[in-house]
Amino acid sequence: MASLENADPSLKEYILKNSLPQIFQSLLAGLCTSCPDNPLHYIEEKLLAIQGSREIDIVWDVEDDLYPSDQTLVHDMIGLCISENSDDDITKSSFFEEALHCYRRSLMKMGFMAWKRYTLIRRIEAVILRRNMDTAKSHHARNVLHYTFRIWMKWVQSKKKRKSDAIKKLQKVHKLLQCRNIFFAWRYVVQDSKRTQQYIERWENSLLEKSNQEVDSINNDIISALPSKLSLKIFQYLESGDLIRCAKVCDTWMAITQTCSLWNKINFSVEKHWIQSCDIEKILKKYRPFVVHLNLRGCMSLMWPAFRCISECRNLQELNLSECTNIDDETVRIISESCQSLLYLNLSHTYVTNGTLKVLSRSCMNLQYLSLAHCRRFTDKGLQFLATEKGCHGLVYIDLSGCTQITVDGFRSIADGCSVLQHIVFDNMPTFTDRCLQVLTAKCHSLVTISLLGSSHLTDTAFKTIAEAASLIKLQIEGNEHITDIGWKAVCKSSPNLSHLHAADCPKMTDASLKYIASLKNISYLDISDCVRVSDVGLRCFIDSPSVAKLKEFNLSNCRVSDIVVVRIVQRCSMLTTLNLAYCESLTDVGIEFLSNSRCLVCLDMTGCHMQDKGLTAIGQIQCLKKLSISECLWITDIGIEMFCRRAKLLEDFDISHCVSLSDLSIKALSFYCRALSRLIMAGCPKMTDVSMQYLTGSGPHLRELDISGCVLLTDRACRILLKGCQTIHSLTMLYCRGISKQAALRLQPRLKHWEHSRDDAPYWYGYDDLDHLMQLSSKPEKQDIPSEYDNSRRHSSTLPT
């Protein structure tokens, strides 16, 4: 029947109408039961019998209740086969039973398979229903949980809001109470200070009245006759030692020196050679409430009572104990625990250990500046306290120059504890590597100033790390042979506000680096000295950029600078005040003459240049020039010095050291024209005699520093002249002066704050071993056009006063 599904409808109708399927089934059943010898003959006979008459007597061999009354022709055929073969052997009946059994079994199998399919469908439906029910339950549970969570979130938010409102109210009440306490404390302090001030004023007025009476009678003290405010302004310019001396003059001066405002800032470093611990102790005991800034740099005489007095200065904010060898952990502990307002602390060049760092990290909550430069006794363990303790987390400046004992772990501790650092100084640290900088900048993202002078092992990786972590304003690096143009490119791109760049002695810096530096619009200081690969191409690219509009200081010493570059510097750098062209051997007087057009140039360094008198005369035309160095310019003569001094009336600092051609006539011109001269270095000038010292006595009242080292023709008479004539000199250097005796030099020492003297032979680099050759070099300059003023200067030099 399955094959008739796709058959022609008319054929299908014919087959069903003539009961062909039933006939075929009956034939097959008969064949199976009778097993005839000739099956084809058997089928043919049965078909003819069926075609002749359909009414055949069928004898049923099974129970009637197993077959319905409307059985098909299949049963008739079975019965027909049985009746027709009744004469066969009786054994054939067993085959009929087997056929019937087989037929029943097939019917049972069909029913079982139908039942199995039905139960399987029901089971699948049950599984699907169970799965759907589970999904529905989970969805319902999720909806219930979501609803519950929303209700809980609203409750939590309300609780948080109530808690925050309560905290705000409590904070407000706390602030009000704190303000009230502060106000009452401030009121008490103000009233107490008013009472103290009134007492001091009454005392000062009584002393002033007494001194005024003395002045009226004697009338020789002008300062005492001045108003108290004006005399106080005068005394503010004196150092601590001078104030102590002035207090011994009279009662009026003693009253003025005891004014509190004069002791707000105390600097004992100037008097470190003579001041004693007991003097410091007396001053601090008397003025401890008013001391805010205290400088004890180099005071090695400090003892334990002085440190105790320092700890009693409760308002102290700045303390400098650099080079104080008596400092130890215990003294730092006493000072740090007592001076809670301390902001600045300098402990450089001392012997502090890990204990000092432990004390500082526990006590100094407000400390912002810390210098431990060249302190070699603390280790990484001490720096760990900066990260673990509660203090020193507000540091913005740290100086660890020369602390080569610090490793990567130490810098990691600094980064963990001082994440708000802005200024770091790690000079003279050859052990500082890229890894140290990476660890430090991993958490310190506020850096604006980095100083790495002497860090020779840093590479471009370090500069890339800086570029990723910070935007710098000031960068200093010196003596590095590994940083290339790639590193400078990274820094310049990441730090557009960079204004101070010190890149001295970096031989791998090329013209490409200057192109990147030219993109900086706020550059005001640039030092590329000893960068030998920088040429005119890079310099002109930088000078022609808009970035030079704000440039104020430019250092090009030992670079390949030509006359064209100098011309462009004068034309483009309108705000330049300091220019260093030392050892630029390519410069000539043609380029140096253009410097006379500079309007703002104040400091100029031409050390070691091939400059002649003509170029020096042109430099004298610079209007604002106050400081000039022409050291080692062998071709400069007395005529050039005289022509320069005629124009440089504002000169204050002059370095003519190792100009072997100069003689007493140069000092004569300086003393006559440069009356504002305050510092003169004439070391290594072998032609200078005692006459030059005689000329210096008339150089004006401003000369403060003098260096005559290597002037071998000077004698004891020079010391006597300086002792009588130069009363304002406070620094005198007389090294390698063989003609000056020890006794004559010692007579000058009490009057001087800085004094050096020796009678040793000059070192080899003075060139005195080949002095004749130096004289020949200085007397044979290249041919130059000397204006007629030089001829007149020879005649004019004879008219200068002696």
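In the predicted model, strand 8, spanning residues 449–453, is mostly covered, with five of its five residues buried. Thr-449, Ser-451 and Leu-453 point one way from this strand, whereas Ile-450 and Leu-452 point the other way, and all are buried. Strand 8 is joined to strand 7 by three bridges, and the two strands run parallel. Within this pairing, Val-425 has Ser-451 of strand 8 as its bridge partner.

The loop between strand 7 (423–425) and helix 16 (434–441) contains Asp-427. Asp-427 is buried but has no salt bridge. Its nearest side chain of opposite charge belongs to Lys-474, at a distance of 8.7 Å. A salt bridge would require a side-chain nitrogen of Lys or Arg within 4 Å of a carboxyl oxygen of Asp or Glu. When neighbours within four places in sequence are left aside, the contacts of Asp-427 are Ser-401, Gly-402, Ser-451, Leu-452 and Leu-453. Ser-451, Leu-452 and Leu-453 in this list are also among the buried residues of strand 8.

A second parallel pairing involves strand 9 (residues 474–478) and strand 10, which are joined by five bridges. In this arrangement, Leu-475 stands opposite Leu-501 of strand 10. Strand 10 covers residues 500–504 and is mostly covered, five of its five residues being buried. His-500, His-502 and Ala-504 point one way from strand 10, while Leu-501 and Ala-503 point the other way, and all of them are buried.

Further along the chain, helix 21 (residues 563–572) has as its buried residues Asp-563, Val-565, Val-566, Val-567, Ile-569 and Val-570. These buried residues pack against helix 20 (536–543), strand 12 (553–555) and helix 22 (589–592).

The largest nonpolar core comprises 171 residues. The residues with the most contacts inside this core are Phe-542, Phe-554, Ile-630, Phe-654, Leu-680 and Met-682. For Met-682, contacts outside its neighbours within four places in sequence are made with Ile-656, Ser-657, Ile-667, Met-688, Ser-692, Met-693, Leu-706, Asp-707, Ile-708, Ser-709 and Cys-711.

A search of the whole structure for aromatic pairs returns 17. One of them joins Phe-183 and Phe-184, which form an edge-to-face pair with 6.1 Å centre to centre and 70° between the planes. Another joins Phe-183 and Trp-186, whose ring centres are 5.9 Å apart; their planes lie at 35°, so this pair is tilted. Phe-183 and Trp-186 are three residues apart in helix 5 (residues 93–218) and are therefore separated by about one helical turn. An α-helix has 3.6 residues a turn, so residues three or four places apart point the same way. Together, Phe-183, Phe-184 and Trp-186 form one aromatic cluster.

None of these three aromatic residues is classed as buried. Phe-183 is partly exposed, with a relative accessible area of 44%, and Phe-184 is likewise partly exposed, with a value of 42%. Trp-186 has a relative accessibility of 52% and therefore counts as exposed, the cut-off for that class being over 50%.

Methods
Residues numbered from 1 in each chain as written. Predicted model: local features only at pLDDT ≥ 70, side-chain atom pairs only at ≥ 80, totals over all residues. Heavy atoms only, no water. Phe/Tyr/Trp six-rings, centres within 6.5 Å; stacked < 30°, edge-to-face > 60°. Buried < 20%, exposed > 50% of the residue type's maximum accessible area, 1.4 Å probe, protein only. Helix = DSSP H or I, 4+ residues; strand = E, 2+ residues; numbered from the N terminus. Core = buried A, V, L, I, M, F, W, Y, C linked by side-chain atoms within 4.5 Å. Contact = heavy atoms within 4.5 Å. Lys, Arg positive; Asp, Glu negative; His and termini not counted. Pairing = 2+ DSSP bridges.
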